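Thanks, everyone; I would like to walk you through one protein model this morning, going slowly from a single helix outwards. Please have the display open while I talk.

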Amino acid sequence: MAAPTLQQPSFLLANLKADSTTKPLLQRCQDLVRIIDEYPAKELHLIFPWLMESMFGSLDGVIAGWNLRLVSARCSDYSVVLDFLNPGGPMMKLVYKLQSEEYKYEIPVNYLPGPVKACIQEGVLPDCPLFHNKLQFPPSGVLTLNIALNPFEFFMFHFAYCLIAPMNFPQGQPGGSTDSAYFVLVDMYLKYFLPTEGSVPPSPFFDSRGSVTAASPRPSGGSFSGYGVHSPSLLKHHIFHQPSVNADPAAQEIWRSETLLQMFVEIWLHHYSLEMYQKLQSPQVKEAFVPSEEHVLAVRLLVKHLHAFSNSLKPEQLSSSSSPSAHTHTSPLEEFKRVVVQRFVQQNLYLFLQHCFGHWPLDASFRAVLETWLSYIQPWRYTGQKSNPQPDQNRTVPDKWEPFAHENLLFYTKLFQGFLNRAVKTDLVNVKNALMVFRVAKVFAQPNLAEMIQKGEQMFLEPEHVLHHRQPRGYLTPSQGGSFLSSRQRALTDAVFRVKSHVYSLEGPDCQYKQMFGSELRGAVLNLVQIIAQARQTAKRISDQASEAASNTSFLSWFWLGPTDLNNTVTGAEDSGECLRKTHEFLDRALENLSLIFKLNQGQLVQLMSSLSSSQDDGLSKQLPDCVQGENGPVLTDLGRRQIINGLRRFDIRYQGDPELQPIRSYENTLLVRFLFRVSSLVNDRLGGHMTSLCSRSDFLGRLSRYYLTDPDSWAKVRRSPMSRQSVERSRRPRLSLRPLASYRTLLLLLLFYGLGALLSFGPVSSTALLMVGAVLYGVLMTLFGDKLKTQ
């Protein structure tokens with residue numbers, strides 16, 4: 001009887017694989033619900049790895065799975081996916097069912113984040129305890145290393161990796177969106193396993209092996225001169241050092257919360273170690289991992305929820321955190337909330353954001369990175385309190401957030417410097433880029449925040465000998481003969497230690513710290529202010545030009561018979577007036593906020609604005625960008641590049657080839673352009689000599705011929721581009737051009753003319769003759785009086 005039972009699981013797996021190609025998703029999920037309920041864990045164990053791959057896709061991206069990142073609320077499978085994969089759904093029931101047994105599932109080390117993989121391959125224990133004691137040594141002859149995960153870890157690894165796995169998106173769809181089933185599930189898991197209210201619901205199956213494996217002691221080594229030493233585990237007291245998880249049911253359940261968070265942080269953020277980050281500062285080093293915009297949006301969702309989770313700590317637990325006996329009365333979940341942001345997320349998020357600031361393209365997609373950063377440095381936005389009616393701009397940052405600002409000093413100072421470096425290189429006339437500058441200035445201009453940052457910088461820059469001299473030999477409470485002064489000194493010394501620990505752990509012991517409110521950065525801010533002022537003037541100038549062009553374009557001018565300058569269509573459409581108005585508003589408010597943050601002199605700002613206005617009035621915007629003379633002509637300088645980026649100056653780019661060979665415009669008929677070009681080319685080849693001899697005459701007939709067969713004005717108004725010196729000399733022989741007849745405007749005018757002729761009883765021949773006579777008379781008049789009209 002044993003043989004059939006051994007073959008049953010493989011038969012089950014074969015059936016599921018066959019159904020995956022024939023049955024719809026709803027029916028497959030219904031079958032899986034029945035299988036999960038009826039089959040024992042021993043048989044479900046063999047289908048679990050395949051089920052992970054069929055849902056989340058393969059780790060190499062070859063198998064797409066259910067495409068959770070593309071399933072939106074508009075899809076018919078949306079509710080099916082959410083019902084099956086939600087934290088209380090059938091899939092999680094399967095995970096818990098397998099978790100109650102001693103099953104392990106292997107993941108190749110090659111799919112782990114770069115720093116973790118490097119540690120394992122070098123034989124060094126990774127920092128994250130999630131990967132401790134998990135290494136599976138391969139048999140002889142096999143080079144691939146694997147780590148063994150329990151069912152819950154295996155499920156969360158595949159779910160987290162689904163976000164960064166390579167994926168071929170359908171044509172026209174660059175990536176997933178925040179309303180996809182994947183983002184909804186991420187939000188569900190965060191709220192379920194990291195609840196802001198209540199506790200984590202217990203698993204339906206007893207789990208005697210659910211706790212995270214105890215971390216092995218790591219060899220002691222250099223630790224940034226005594227700073228930045230992180231404990232290898234978050235909840236040592238409650239989980240790792242607890243003799244039995246059954247002694248405390250709450251501690252038995254908290255391991256799932258820790259595992260989920262560690263998996264998200266490791267898979268999404270831990271792609272850059274400190275050593276790798278320092279190497280990536282060199283432009284010769286190729287990037288190891290490039291996050292997508294969708295990836296960054298998921299990180300922002302994680303950051304926002306972690307702030308809400310941490311801020312849900314009970315006030316009495318928060319106030320008692322400094323008490324030595326507080327930990328004996330604190331639940332594991334409350335202790336988790338207290339330290340989750342600093343110990344789990346801080347370092348990996350900092351290196352992640354620092355890399356994005358330095359390597360992200362200079363376009364509007366950087367908004368996702370920017371908002372993730374701003375969400376992290378404003379934890380007071382996620383307290384769950386809605387009673388304050390004040391707008392964000394006027395809301396003072398409470399003093400209780402000063403320790404957070406100090407212990408995350410680099411997020412405020414170093415990343416602000418990184419944003420400055422980006423802002424001066426972007427086109428601030430673009431409303432999306434102007435909005436990003438305004439958002440950053442608005443956040444840092446919140447009352448009391450700049451003072452907190454300055455105080456944190458002063459703590460970090462305090463010399464070591466002063467710190468040790470200030471530290472008392474022994475901390476005694478007033479009841480033990482000490483003084484309140486010594487307790488204040490102790491608090492200050494601890495605060496200084498935490499600031500220094502933060503900076504050295506993230507930047508290394510040899511970091512060269514630049515003060516946010518120092519003279520060097522102040523100069524960079526003034527440079528940004530000048531660029532903002534220039535962008536304001538450019539936006540105003542473009543808006544005025546657009547308004548003037550709109551006023552000059554009337555219905556009657558569309559029927560004007562004069563020559564059309566085809567070069568005007570090359571520059572493309574300008575931003576709408578509404579976008580330019582918003583740009584001006586965002587830049588104005590950004591200037592105000594930067595002045596508040598850095599206490600800029602208003603007199604200097606007014607003088608700067610007036611000088612820019614006068615320079616614009618003097619026609620500087622019509623000059624060429626700043627260049628130096630090179631071997632092949634003018635070469636742009638850094639100043640010239642900034643002038644072009646911000647729209648202050650530009651080259652007069654015009655088509656300088658054969659006018660007959662210009663690209664066909666949208667207002668021209670393609671077939672007519674090509675047909676008339678062949679006709680005119682045939683005429684020019686046959687009669688070119690006669691036209692040249694006619695135009696060379698100095699009498700009235702020669703002048704009339706030159707009016708029709710040449711366009712002297714077009715040669716005079718063409719300005720040379722920097723690289724056009726080699727193509728200045730061109731043929732100017734007279735020729736017939738019939739291309740204006742291919743314009744839809746000309747065709748409509750001819751239709752109206754022949755229609756009017758029909759109403760007046762003129763036939764086609766008579767109308768054509770009348771049209772030819774009118775054209776000749778118009779040419780005669782322009783030949784006789786054209787020069788006088790130009791001089792007036």
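In helix α2, the buried residues are Leu25, Cys29, Asp31, Leu32, Ile35 and Ile36, where buried means under 20% relative accessible area, exposed means over 50%, and partly exposed lies in between, with a 1.4 Å probe and protein chains only. These residues lie on the same side of α2, because they cover an arc of only 160° around the axis, the arc being that of the directions from the helix axis to the C-beta atoms. As general background, an α-helix has 3.6 residues a turn, so residues three or four places apart point the same way. Helix α2 itself covers residues 25-38, which is 14 residues, and spans 20 Å from its first C-alpha to its last, close to the 20 Å expected at 1.5 Å a residue; that expectation is 1.5 Å times one less than the number of residues. Helices here are DSSP runs of H or I with at least four residues, strands are runs of E with at least two, and both are numbered from the N terminus.

Before going further, I should say that this is a predicted model, in which local features need pLDDT of at least 70 and side-chain atom pairs count only at pLDDT 80 or more, while totals for chains, interfaces and linings use all residues. Residues are numbered from 1 along each chain as its sequence is written, and side-chain values use heavy atoms, with hydrogens and water left out.

Which residues does Phe84 contact, leaving aside its neighbours within four places in sequence? Phe84 lies in helix α4, residues 78-85, and with 3% relative accessibility it counts as buried. Its contacts, meaning heavy atoms within 4.5 Å, include Cys29, Leu32, Val33 and Ile36, and also Met55, Trp66, Gly89, Pro90 and Met91. Val33 is 51 residues away from Phe84 along the chain, yet their C-alpha atoms are separated by 8.3 Å. Leu85, with the same neighbours within four places set aside, is in contact with Met55, Phe56, Trp66, Leu68, Met91, Leu185 and Tyr189.

Leu85 also brings us to the largest nonpolar core, which has 171 residues, and in which Leu85, Met91, Phe155, Trp268, Trp373 and Phe444 have the most contacts. Such a core is a set of buried Ala, Val, Leu, Ile, Met, Phe, Trp, Tyr and Cys residues joined through side-chain atoms within 4.5 Å. The largest share of this core, 13 residues, comes from α14.

Trp373 leads to helix α15, residues 367-376, which is mostly covered, with 9 of its 10 residues buried. Among the buried ones are Trp373, Glu371, Thr372 and Tyr376. The buried residues of α15 pack against α12 (293-311), α14 (332-359), α16 (402-407), α17 (409-423) and α18 (431-444).

Let me turn now to the strands. Three of them form an open sheet in the order β1-β3-β2, with antiparallel pairing; β1 and β2 (135-136) stand at the edges, each with a single partner strand, so one side of each is left without a neighbour in the sheet. Two strands count as paired if DSSP finds at least two bridges between them. β1 and β3 (residues 146-149) pair over 4 bridges, with Pro108 opposite Asn146, while β2 and β3 pair over 2 bridges, with Leu135 opposite Ile147. Along β1, residues 105-108, Tyr105 and Ile107 point to one face and are buried, whereas Glu106 and Pro108 point to the other and are not.

Some loop residues also deserve a look. Asn133, in the loop between α6 (114-121) and β2, has a positive phi of about 60° although it is not a glycine. Lys599, in the loop between α23 (577-598) and α24 (602-617), has a positive phi of about 50°, again without being a glycine, and is exposed, with a relative accessible area of 56%.

Is Pro734 buried or exposed? Pro734 lies in the loop between α28 (712-716) and α29 (744-759), and with a relative accessible area of 9% it is buried. Its C-alpha atom is separated by 7.2 Å from that of Cys695, 39 residues apart along the chain.

Finally, the whole protein has 30 helices and 5 strands, and 43% of its 792 residues count as buried.
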